[in-house]
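Please look through the sequence and the model shown here before reading on. The paragraphs below then lead from one place in the fold to the next.

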Amino acid sequence: MTTAKDRIIVALDFSSVEEARELAKRLRGRVGVFKIGMELVYSGGLELACELADAGEQVFLDLKLLDIGHTVMQATRAVARTGAAFLTVHAVDEKTLNAAVEGRGNSALKLLGVTVMTHLDDRDLEQQGIVDRTAAQLALHRAQMAADCGFDGVISSGYEAAAIRKVVGADRLIITPGIRPAGTDRGDQNRVMTPGRAIKAGADYLVIGRPVTGAADPLAAVEAITREITEAESLAG
Ligand code: C5P
(Lines give C-alpha, C1' and ligand atoms only; values in the text may rest on other atoms or scores of the structure.)
Protein backbone atom coordinates (compact mmCIF):
# COMPACT_ATOMS: atom_id res chain seq x y z
CA MET A 1 0.00 0.00 0.00
CA THR A 2 1.24 3.49 -0.82
CA THR A 3 1.64 5.59 2.32
CA ALA A 4 1.99 9.37 2.48
CA LYS A 5 5.79 9.32 2.68
CA ASP A 6 5.99 7.11 -0.44
CA ARG A 7 4.47 9.98 -2.43
CA ILE A 8 7.43 12.27 -1.70
CA ILE A 9 10.11 12.49 -4.38
CA VAL A 10 13.08 14.47 -3.10
CA ALA A 11 14.99 16.22 -5.88
CA LEU A 12 18.69 15.80 -5.05
CA ASP A 13 19.59 18.99 -6.90
CA PHE A 14 23.23 19.33 -5.91
CA SER A 15 26.36 19.60 -8.00
CA SER A 16 28.25 17.56 -5.43
CA VAL A 17 27.66 13.82 -5.16
CA GLU A 18 28.82 13.92 -1.54
CA GLU A 19 26.11 16.41 -0.54
CA ALA A 20 23.47 14.37 -2.38
CA ARG A 21 24.62 11.11 -0.80
CA GLU A 22 24.59 12.69 2.65
CA LEU A 23 21.02 13.97 2.28
CA ALA A 24 19.83 10.64 0.84
CA LYS A 25 21.36 8.92 3.87
CA ARG A 26 19.54 11.24 6.28
CA LEU A 27 16.20 10.76 4.52
CA ARG A 28 16.40 6.98 3.96
CA GLY A 29 13.11 5.34 4.79
CA ARG A 30 11.41 8.73 5.28
CA VAL A 31 10.59 9.46 1.61
CA GLY A 32 9.59 7.28 -1.32
CA VAL A 33 11.91 8.32 -4.14
CA PHE A 34 15.18 10.16 -4.78
CA LYS A 35 15.30 12.17 -8.01
CA ILE A 36 18.64 12.67 -9.72
CA GLY A 37 18.59 15.19 -12.52
CA MET A 38 21.01 16.47 -15.11
CA GLU A 39 23.01 18.70 -12.78
CA LEU A 40 24.02 15.78 -10.59
CA VAL A 41 24.27 13.20 -13.40
CA TYR A 42 26.83 15.36 -15.17
CA SER A 43 28.74 15.66 -11.90
CA GLY A 44 29.13 11.93 -11.25
CA GLY A 45 25.58 11.30 -10.06
CA LEU A 46 24.94 8.24 -12.21
CA GLU A 47 27.14 6.18 -9.89
CA LEU A 48 25.13 7.49 -6.93
CA ALA A 49 21.91 6.50 -8.75
CA CYS A 50 23.21 2.93 -9.14
CA GLU A 51 24.41 2.89 -5.53
CA LEU A 52 20.99 3.99 -4.21
CA ALA A 53 19.14 1.55 -6.47
CA ASP A 54 21.43 -1.29 -5.32
CA ALA A 55 20.60 -0.35 -1.73
CA GLY A 56 16.90 -0.81 -2.53
CA GLU A 57 15.94 2.85 -2.95
CA GLN A 58 13.54 4.02 -5.65
CA VAL A 59 15.57 6.22 -7.99
CA PHE A 60 14.09 8.67 -10.48
CA LEU A 61 16.48 9.60 -13.29
CA ASP A 62 15.20 12.94 -14.58
CA LEU A 63 17.06 12.90 -17.90
CA LYS A 64 14.28 14.25 -20.14
CA LEU A 65 15.39 12.19 -23.13
CA LEU A 66 14.83 13.42 -26.69
CA ASP A 67 16.78 12.14 -29.69
CA ILE A 68 16.32 9.91 -32.72
CA GLY A 69 14.32 6.79 -31.93
CA HIS A 70 17.25 4.38 -31.94
CA THR A 71 19.20 6.50 -29.47
CA VAL A 72 16.20 6.97 -27.18
CA MET A 73 15.60 3.22 -27.24
CA GLN A 74 19.20 2.36 -26.39
CA ALA A 75 19.46 5.08 -23.75
CA THR A 76 16.26 3.84 -22.08
CA ARG A 77 17.62 0.30 -22.15
CA ALA A 78 20.81 1.52 -20.45
CA VAL A 79 18.80 3.39 -17.80
CA ALA A 80 16.73 0.26 -17.12
CA ARG A 81 19.98 -1.60 -16.41
CA THR A 82 20.89 0.88 -13.66
CA GLY A 83 17.91 -0.32 -11.62
CA ALA A 84 16.25 3.11 -11.68
CA ALA A 85 12.52 3.11 -11.00
CA PHE A 86 11.51 6.18 -13.07
CA LEU A 87 12.79 7.95 -16.19
CA THR A 88 11.54 11.11 -17.91
CA VAL A 89 11.24 11.42 -21.70
CA HIS A 90 9.94 14.42 -23.68
CA ALA A 91 6.46 13.46 -24.88
CA VAL A 92 6.70 15.32 -28.18
CA ASP A 93 5.95 12.61 -30.74
CA GLU A 94 5.02 8.94 -30.96
CA LYS A 95 8.38 7.88 -32.41
CA THR A 96 10.18 9.07 -29.29
CA LEU A 97 7.57 7.58 -26.94
CA ASN A 98 7.48 4.20 -28.73
CA ALA A 99 11.28 4.03 -28.74
CA ALA A 100 11.37 4.51 -24.97
CA VAL A 101 8.69 1.86 -24.46
CA GLU A 102 10.71 -0.54 -26.60
CA GLY A 103 13.91 0.25 -24.68
CA ARG A 104 12.19 -0.32 -21.34
CA GLY A 105 11.27 -3.82 -22.50
CA ASN A 106 10.23 -6.09 -19.64
CA SER A 107 12.09 -4.13 -16.99
CA ALA A 108 10.27 -2.49 -14.07
CA LEU A 109 11.36 1.01 -15.20
CA LYS A 110 8.41 3.41 -15.20
CA LEU A 111 8.32 5.93 -18.04
CA LEU A 112 7.11 9.47 -17.39
CA GLY A 113 6.28 11.92 -20.17
CA VAL A 114 7.29 15.56 -19.93
CA THR A 115 4.45 17.37 -21.72
CA VAL A 116 5.22 21.10 -21.82
CA MET A 117 7.96 22.47 -19.62
CA THR A 118 6.23 24.64 -17.05
CA HIS A 119 8.48 27.65 -17.57
CA LEU A 120 7.23 28.00 -21.17
CA ASP A 121 4.22 30.17 -21.98
CA ASP A 122 2.17 30.61 -25.16
CA ARG A 123 4.67 33.14 -26.57
CA ASP A 124 7.55 30.69 -26.16
CA LEU A 125 5.52 28.07 -28.03
CA GLU A 126 4.88 30.57 -30.82
CA GLN A 127 8.66 30.90 -31.16
CA GLN A 128 8.78 27.13 -31.65
CA GLY A 129 6.21 27.45 -34.46
CA ILE A 130 3.30 26.14 -32.37
CA VAL A 131 0.56 28.65 -33.09
CA ASP A 132 -2.65 26.65 -33.08
CA ARG A 133 -2.90 25.77 -29.39
CA THR A 134 -2.15 27.06 -25.94
CA ALA A 135 0.45 25.53 -23.64
CA ALA A 136 -2.37 23.95 -21.59
CA GLN A 137 -3.98 22.39 -24.69
CA LEU A 138 -0.62 21.11 -25.88
CA ALA A 139 0.07 19.56 -22.46
CA LEU A 140 -3.24 17.65 -22.62
CA HIS A 141 -2.56 16.46 -26.16
CA ARG A 142 0.90 15.22 -25.22
CA ALA A 143 -0.33 13.56 -22.03
CA GLN A 144 -2.91 11.65 -24.06
CA MET A 145 -0.24 10.61 -26.59
CA ALA A 146 2.08 9.40 -23.82
CA ALA A 147 -0.70 7.36 -22.22
CA ASP A 148 -1.71 5.89 -25.58
CA CYS A 149 1.89 4.83 -26.26
CA GLY A 150 2.09 2.94 -22.95
CA PHE A 151 3.78 5.47 -20.70
CA ASP A 152 3.18 5.03 -16.97
CA GLY A 153 2.54 8.66 -16.25
CA VAL A 154 3.28 12.31 -16.88
CA ILE A 155 4.85 15.29 -15.16
CA SER A 156 2.26 17.99 -14.57
CA SER A 157 1.92 21.15 -12.53
CA GLY A 158 -0.76 20.91 -9.86
CA TYR A 159 -2.87 23.37 -11.83
CA GLU A 160 -3.25 21.00 -14.81
CA ALA A 161 -3.44 17.78 -12.78
CA ALA A 162 -7.23 17.50 -12.73
CA ALA A 163 -7.58 18.08 -16.50
CA ILE A 164 -4.75 15.63 -17.22
CA ARG A 165 -6.36 13.02 -14.97
CA LYS A 166 -9.51 13.16 -17.14
CA VAL A 167 -7.41 12.55 -20.24
CA VAL A 168 -5.05 9.82 -19.01
CA GLY A 169 -7.42 7.93 -16.70
CA ALA A 170 -7.00 6.58 -13.19
CA ASP A 171 -4.21 4.10 -13.91
CA ARG A 172 -1.53 6.60 -15.00
CA LEU A 173 0.69 8.44 -12.57
CA ILE A 174 0.67 12.21 -12.20
CA ILE A 175 3.92 13.57 -10.82
CA THR A 176 3.79 17.18 -9.66
CA PRO A 177 6.74 19.57 -9.13
CA GLY A 178 6.49 23.19 -8.01
CA ILE A 179 5.50 22.23 -4.47
CA ARG A 180 5.85 24.76 -1.69
CA PRO A 181 4.61 24.16 1.86
CA ALA A 182 2.86 27.25 3.23
CA GLY A 183 5.37 29.90 4.28
CA THR A 184 8.34 28.60 2.26
CA ASP A 185 10.19 30.57 -0.41
CA ARG A 186 8.92 29.96 -3.94
CA GLY A 187 12.35 30.55 -5.53
CA ASP A 188 12.09 30.65 -9.34
CA GLN A 189 8.87 28.60 -9.45
CA ASN A 190 5.92 30.68 -10.63
CA ARG A 191 2.87 28.50 -10.17
CA VAL A 192 3.39 26.78 -6.86
CA MET A 193 1.03 24.66 -4.80
CA THR A 194 1.08 23.35 -1.24
CA PRO A 195 1.54 19.57 -0.81
CA GLY A 196 -2.02 19.15 0.46
CA ARG A 197 -3.57 21.06 -2.42
CA ALA A 198 -1.56 19.12 -5.03
CA ILE A 199 -2.68 15.80 -3.55
CA LYS A 200 -6.29 16.99 -3.54
CA ALA A 201 -5.85 18.04 -7.20
CA GLY A 202 -4.97 14.43 -8.05
CA ALA A 203 -1.17 14.18 -7.88
CA ASP A 204 0.19 10.70 -7.09
CA TYR A 205 3.72 11.90 -6.31
CA LEU A 206 5.14 15.30 -5.34
CA VAL A 207 8.60 16.40 -6.49
CA ILE A 208 10.14 18.53 -3.78
CA GLY A 209 13.56 20.13 -4.00
CA ARG A 210 14.50 23.32 -2.19
CA PRO A 211 11.84 23.17 0.56
CA VAL A 212 13.75 20.06 1.71
CA THR A 213 17.30 20.51 0.42
CA GLY A 214 17.43 24.10 1.70
CA ALA A 215 15.71 23.46 5.03
CA ALA A 216 17.67 23.88 8.27
CA ASP A 217 16.30 20.46 9.25
CA PRO A 218 15.45 18.44 6.09
CA LEU A 219 14.05 15.54 8.11
CA ALA A 220 11.65 17.82 9.98
CA ALA A 221 10.64 19.34 6.61
CA VAL A 222 9.75 15.94 5.07
CA GLU A 223 7.90 14.93 8.22
CA ALA A 224 5.76 18.09 8.07
CA ILE A 225 5.05 17.40 4.37
CA THR A 226 4.15 13.78 5.16
CA ARG A 227 1.65 14.96 7.77
CA GLU A 228 0.12 17.38 5.28
CA ILE A 229 -0.22 14.61 2.65
CA THR A 230 -1.82 12.26 5.20
CA GLU A 231 -4.33 14.93 6.10
CA ALA A 232 -5.16 15.67 2.43
CA GLU A 233 -5.56 11.94 1.71
CA SER A 234 -7.94 11.48 4.61
CA LEU A 235 -10.05 14.43 3.42
CA ALA A 236 -10.03 13.10 -0.16
CA GLY A 237 -10.71 9.52 0.86
O1 C5P B 1 13.50 23.14 -5.75
P2 C5P B 1 12.20 22.78 -6.39
O3 C5P B 1 11.19 22.15 -5.43
O4 C5P B 1 11.60 23.90 -7.19
O5 C5P B 1 12.60 21.61 -7.41
C6 C5P B 1 11.70 21.05 -8.33
C7 C5P B 1 12.36 19.97 -9.10
O8 C5P B 1 11.43 19.53 -10.09
C9 C5P B 1 13.63 20.38 -9.84
O10 C5P B 1 14.49 19.24 -9.87
C11 C5P B 1 13.14 20.70 -11.24
O12 C5P B 1 14.09 20.45 -12.23
C13 C5P B 1 11.98 19.71 -11.38
N14 C5P B 1 10.95 20.12 -12.35
C15 C5P B 1 10.20 21.29 -12.21
N16 C5P B 1 9.26 21.63 -13.14
C17 C5P B 1 9.05 20.85 -14.19
C18 C5P B 1 9.77 19.67 -14.36
C19 C5P B 1 10.73 19.34 -13.38
O20 C5P B 1 10.37 22.01 -11.22
N21 C5P B 1 8.11 21.19 -15.07
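What follows takes up a strand residue, a bent helix, some charged pairs and a buried arginine.

The model is predicted, so that local features are described only where pLDDT is at least 70 and side-chain atom pairs only at pLDDT 80 or more, while totals for chains, interfaces and linings use all residues. Residues are numbered from 1 along each chain as its sequence is written, and side-chain values use heavy atoms, with hydrogens and water left out.

A convenient starting point is Ile9, which lies in strand 1 (residues 8-11); helices (H or I, at least four residues) and strands (E, at least two) are DSSP runs, numbered from the N terminus. Ile9 has 0% relative accessibility and therefore counts as buried, a word that stands for under 20% relative accessible area, with exposed meaning over 50% and partly exposed what lies in between (1.4 Å probe, protein chains only). Leaving aside neighbours within four places in sequence, Ile9 is in contact (heavy atoms within 4.5 Å) with Val33, Lys35, Phe60, Ile175, Tyr205, Leu206, Val207 and Ile208. Of these partners, Lys35 is 26 residues from Ile9 along the chain, yet their C-alpha atoms are separated by 6.3 Å.

Helix 2 (residues 38-54) is not straight: its end C-alpha atoms are only 20 Å apart, whereas a straight helix of 17 residues would span 24 Å, the expected span being 1.5 Å times one less than the number of residues. Where does the kink in helix 2 have its centre? The kink, of about 100°, is centred on Gly44, the bend at a residue being the angle between axes fitted to the seven residues ending there and the seven starting there. Buried residues in helix 2 include Leu40, Val41, Gly45, Leu48, Ala49 and Leu52, and the elements that cover the buried residues include helix 1 (17-27), strand 2 (33-37), strand 3 (58-65) and helix 3 (69-82). After helix 2 comes Gly56, with a positive phi near 95°.

Charged side chains form twelve salt bridges in the structure, where a salt bridge is a side-chain nitrogen of Lys or Arg within 4 Å of a carboxyl oxygen of Asp or Glu. In one of them, Lys64 and Asp62 meet at 3.0 Å, N to O; Lys64 is partly exposed, with a relative accessible area of 21%, whereas Asp62, at 8% relative accessibility, is buried. Arg133 and Asp132 form another, with 3.9 Å between the closest N and O atoms, and here Arg133 is partly exposed at 32% while Asp132 is exposed at 60%. Asp204 and Arg165 are joined by a salt bridge of 2.8 Å, N to O. Asp204 lies in the loop between helix 8 and strand 8 (205-208) and Arg165 in helix 7 (residues 158-168), so this pair ties together parts that are 39 residues apart in sequence. Salt bridges with shared partners also join Glu18, Arg21 and Glu51 into one network.

Arg180, found in the loop between strand 7 (173-176) and helix 8 (195-200), is buried but has no salt bridge, and the nearest side chain of opposite charge, that of Asp188, is 5.2 Å away. A polar atom of the Arg180 side chain does lie 2.9 Å from the backbone oxygen of Asp185. Leaving aside neighbours within four places in sequence, the residues in contact with Arg180 include Asp185, Arg186, Gln189, Val192, Arg210 and Pro211.

Terms used:
Lys and Arg count as positive and Asp and Glu as negative; His and the chain ends are not counted. A polar contact is a pair of N or O atoms within 3.5 Å; within protein, one must be able to donate a hydrogen and the other to accept it, and residues adjacent in sequence count only if both atoms are side-chain atoms.
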